[in-house]
Amino acid sequence: MTDNRDSAPLSTVAVEVMMVLAEGPLHGYAIKQRIEARVGGDFVLGSGSLYQALQRLERRQLVAEAASQDETDPRRGRVYRLEPAGRTALAAELGRMKRLLSDARRHRIAVGTEKG
Amino acid sequence: MMRPAPVAGEWLFLLLLRIYPRQFRERYSPELLDTFRRDRRRPRFSGHVGALRFWRHVLADLARTAVSERRHQASGGHRSTTFDRSHTSTGWGQAFGQDLIAGVRGLVKQPGYAAIVILTLGLGIGATTAVFAVVHGVLLSPLPYDHADRLVRVYELEHDNPGARMVAYGNFADVREQASSLEVLAAWQGQGVTLTGEGSALRLDARMASTDFARVFRARPTLGRWFTDTEVTQNAPVVVLTHALWQSAFGADTAVVGRTVHLDGLPHEVIGVMGPTFRYPGETDIWLPLPPVRDAVGQRRWHRHSMVGRLADGATLDGLAVELQAVGSRLEAAYPDYNKNNYFEARPLLDDMVGARRQALLVLLGAVSVLLIIACVNAASLSLARTLARAHEVAVRTALGASRWRLARLVLAESLLVGLAGGAVAVGLAQFGVTRLLALTVDSLPRAAQVSAWTPEVLAFGLMTTLLASLAVTVPALIGRRGEAMPQTLRARGTDTHTVMRGRQLLVVAQLSAAFMLAAGAGLLLKSVHQLTSVESGVAPEGVLTFGIGLPAARYPSPQAVSTFVDQLVDRFEHVPSISSAAATLTAPVDPYGWYNSLTIRGRDVAPPDLPHVSYIATSANYFDTVGIPLLAGRTYDNEPRGSQVVVINETAARQFWPDQDPIGQKILGRASDETSWTTIIGVVGDVRQALDQPVAPTTYIPIAQEYVTDLIMVVRTTETNTLAVMPRLRDLLAQADRDIPVTGIMPLTERIGLTTTAPTFNAVLMSTFAGIALLLAAAGVFAMVSFSVAQRHREFGIRIAVGAGRPRIFLDILGTNLRLAAVAISIGAICLLLVGQTLEGLLFGVRPADAASLTVAALVIMGVSLAAGLWPARRAAGADPLVALRND
């Protein structure tokens, strides 16, 4: 059953999750660790936020549960995988952000220093 | 492989997860829990502060996502097909909010019920949390050192001398070398020194410590450094300050390293300041080097040091014990004159510090838990009664269409509100309780600084207890609702309440038994304190003031110098009109930590290791008169010719060692134990106890001129009613005699002796408080039950009175039931008490757990309470107007 949540924009966390999964399937905690490593500093991602984002992504079929690669380690929980629809959505998001960025530069709005 | 079962904090997390919608929970709970566990173990969340930060993070995340999840669902979820949205998970949050509001309204309508239950629960939860805070701070919280559970105290003990616990230097060195289970072992020795030059003269608790002392605790200096090995072996004039002393006497001056300070008149260089958490042993002010004892005899003979060490990685306490046994045997063989009958023992450091209080604290925790149960039972009882009273209202609601689930939620909301309100009250009470408890212990509680109501563990305990207590209110209400069928209650009131009555009686009996146990416990402890305080100390302490003075060794280098000074001081004191006599002593009366000496009697051939030990006290001439020790034979010393060696013994020594002869004139060896130090016994005085709960030890008293002592206690007998009033005058006189002698520990002798009863008094006061509250609550419970019963039976009473049965008969009838219940309760309570009686034994003095007098008094109290609480309802019942009673149906 579709619901009107499908058309809402993706949250920042959801985008981060998709970016991490773009590199390959991972289970939940590993996704969290990667995101924290990427953001850096003291940042700790709340588990509620993470799984909320995962749920939304799963509902929109952008992310799906992969059959566990490691049969002998069911403790680790589900492994998530970025679906083709997800890759498309991610590309669209990144494209959107890129357009925003170049617009800002064109109109000389400050965007902060790039960290290489 | 199965996931491990959840642990404490994880249960709480699982509970909190219920905020999320059911679908989300069902899908992601295992992973959420897994993430929770892993994050908890991350190094950034270690320790107490880390734990707080972790929970803050978890709760913040929960709050954020739960809110947005709700909003998401509310805006776009499934449309409900029934009018009552409370069945779907989408409207869950809103419906619960409505329930809460309804709950609040219901409680406000009956403020009496709400107030009593909240107060009852608050009292129970608050008291329990306060005691738990003490137990946690003292017994459970880890010591502030790195891997503190690996720290151990090592003792050198003697089989035939229970008072001996210190080690001789040579033995310490051998244990250090031979015990491979110990990664590092250090020794220390206490000393008093006077610090001059930093404001007024200060008497400091100094500790001489071996090189490795700081390494045992892995303590790092915040300024400068610890001693080097060379400084220790050469006894260099260097000192390390404790953080506390650095702040109080040196104003936290960061340039203090390198400064010269004067201890006992001699210059020392400050080489370091330690951190704020490192202060072992507890009252240390300053550390000095502990030079090794080089004298071959002294190495084995002078037991002056204490040892503390750290277990090596992988070593165990049992392994250490085995090693120590081997070392002990080896030393016994190598040094038969000194080490015969000596053995070594190790104890974990925390255990060493708090072990003596452990049993009492746990018993008190048990007792307060009993109190909590009584409070919960009371609350449950009230909840049940209220439910039944509202049965009519419930029936109406059901008839109008409210689902059973909805009604149950209403009950839940109300109970939770009451429970949480009780918890909130408990927080304030717990803080108050902790403050009062600490004040009551009068500094005698080890690790008291760790006790606080605001540590995460204590707060978690409080929360858990609140939730449990809320259950006590919820369950009866739910059960009460269950059995109500609509038509019956709408039609008639006062239906079959027989089971309810039985249930309430059961609850009351439970309360009374628990109250009986607490009352009996309080009685036993109070009797203990009484027994302890009525023990004859052996002195007449009223009117005697004591204070300590420390003479700097540099200016008073010999016993003669000390003795001359003391005589002059005593003379000055005695010239004060309100002072009848004054004296000085090494050890005050009723102090178990004095000196001991082995007793060699001339003409008796006893091998050195088999010599008995006696208490050894040096005093000035007037001591016995001043503190009120009677002279039983011969004379006490007074103006002895120079060079004479005399000694006075106590009655126990005379009886024990000279049972068939006159001890006067006999010769015994002094502490120097060489041929020149034979002393002659010139008198026998009355016994004085070292400790109120120990038998009297044989004691020898010698004049100060015969023994070098620099730390003395002055005892002054005054005619003033307030002994402290003479202190300013005495200070002046002391200052006139010598300006740089600081005064410590000013207190009346009665108070000093009273210090030994602080712990038992604490236990007794606490238990009595619990018993008092328990009796109050039990009385309330009885009152409520009897009122209820009377209300239920009002028709029966009406008929009986109308028919002519005597009113007094009804009155006695009701009270008779009460007494029967009390009797049952007392029997149950007595049996339970006998079962747990063993645990109480360690806390009692001069009283057996099955003490008939205490139990009888407790039983009478319970019966009295039971009768008194039933009095008013019974009178009302007996005084009822039969017409009114019969009409109201």
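Two residues are taken to be in contact when heavy atoms of the one lie within 4.5 Å of heavy atoms of the other. In this predicted model, B:L518, once its neighbours within four places in sequence are set aside, is in contact with B:A367, B:V370, B:L371, B:I374, B:M767, B:F770, B:A771 and B:A774. A second core, separate from the largest one, is made up of 43 residues, among them B:V576, B:L586, B:Y616 and B:V743. In the largest nonpolar core, which has 80 residues, B:L518 is one of those that touch the most other members, together with B:V138, B:L371, B:F770, B:I814 and B:I862. The element that gives the most to this largest core is helix 24 of chain B, spanning residues 758-792, with 16 residues.

Chain B as a whole contains 28 helices and 22 strands, and its C-alpha atoms fill a box of roughly 105 × 75 × 55 Å when the principal axes are used. Of the 889 residues in chain B, 49% are buried. Among the contacts in chain B with a separation of 6 or more, 81% are accounted for by residues 24 or more positions apart.

Helix 22 of chain B, which covers residues 727-737, has B:M727, B:L730, B:L733 and B:L734 as buried residues. When the helix is viewed down its axis, these buried residues fall within an arc of 125 degrees, so they line one face of helix 22 of chain B. The elements of chain B that cover these buried residues include strand 12 (544-550), helix 19 (559-574), strand 13 (579-585), strand 21 (711-718) and strand 22 (743-748).

A buried residue of another kind is B:R752, an arginine that is buried yet takes part in no salt bridge. B:R752 is placed in helix 23 of chain B, which runs over residues 749-754. The nearest side chain of opposite charge belongs to B:D591, at 5.2 Å, whereas a salt bridge requires a side-chain nitrogen of Lys or Arg within 4 Å of a carboxyl oxygen of Asp or Glu. The side chain of B:R752 is, however, joined to that of B:T546 by a polar contact of 2.9 Å. Beyond its neighbours within four places in sequence, B:R752 is in contact with B:T546, B:A588, B:I713, B:G745 and B:M747.

Side chains of opposite charge can pair when their charged atoms come close. Over all chains, the structure holds 38 salt bridges. In one of them, the side chains of A:E16 and A:R38 meet with an N to O distance of 2.8 Å. This pair links distant parts of the chain, since A:E16 belongs to helix 1 (residues 12-22) of chain A and A:R38 to helix 2 (residues 28-39) of chain A, with their positions 22 residues apart in sequence. A:E16 has a relative accessibility of 22% and therefore counts as partly exposed, and A:R38, with a relative accessible area of 40%, is also partly exposed.

In another salt bridge, the side chains of A:D103 and A:R106 meet at 3.0 Å, N to O. Both residues lie in helix 4 (residues 84-106) of chain A, where they are three residues apart, or about one turn of the helix. A:D103 counts as partly exposed because its relative accessibility is 24%, while A:R106, at 58% relative accessibility, counts as exposed. In chain B, the side chains of B:R215 and B:D212 form a salt bridge with an N to O distance of 3.6 Å. B:R215 is partly exposed at 46% relative accessibility, and B:D212 is likewise partly exposed at 21%. Residues of chains A and B come together in a network of salt bridges that links A:E58, A:E65, A:R78, B:R27 and B:E31.

Helix 1 of chain A is also the place of A:V13, a residue that counts as partly exposed at 23% relative accessibility. Apart from its neighbours within four places in sequence, A:V13 is in contact with A:L45, A:S49, A:L50 and A:A53. The C-alpha atoms of A:V13 and A:T88 are separated by 17 Å, the two residues being 75 residues apart along the chain.

Note on methods. Residues are numbered from 1 along each chain as its sequence is written. Chains are lettered from A and ligands numbered from 1 in the order in which they are written. This is a predicted model: local features need pLDDT of at least 70, side-chain atom pairs count only at pLDDT 80 or more; totals for chains, interfaces and linings use all residues. Side-chain values use heavy atoms; hydrogens and water are left out. Helices (H or I, at least four residues) and strands (E, at least two) are DSSP runs, numbered from the N terminus. Buried means under 20% relative accessible area, exposed over 50%, partly exposed in between (1.4 Å probe, protein chains only). Lys and Arg count as positive and Asp and Glu as negative; His and the chain ends are not counted. A polar contact is a pair of N or O atoms within 3.5 Å; within protein, one must be able to donate a hydrogen and the other to accept it, and residues adjacent in sequence count only if both atoms are side-chain atoms. The arc is that of the directions from the helix axis to the C-beta atoms. A nonpolar core is a set of buried Ala, Val, Leu, Ile, Met, Phe, Trp, Tyr and Cys residues joined through side-chain atoms within 4.5 Å.
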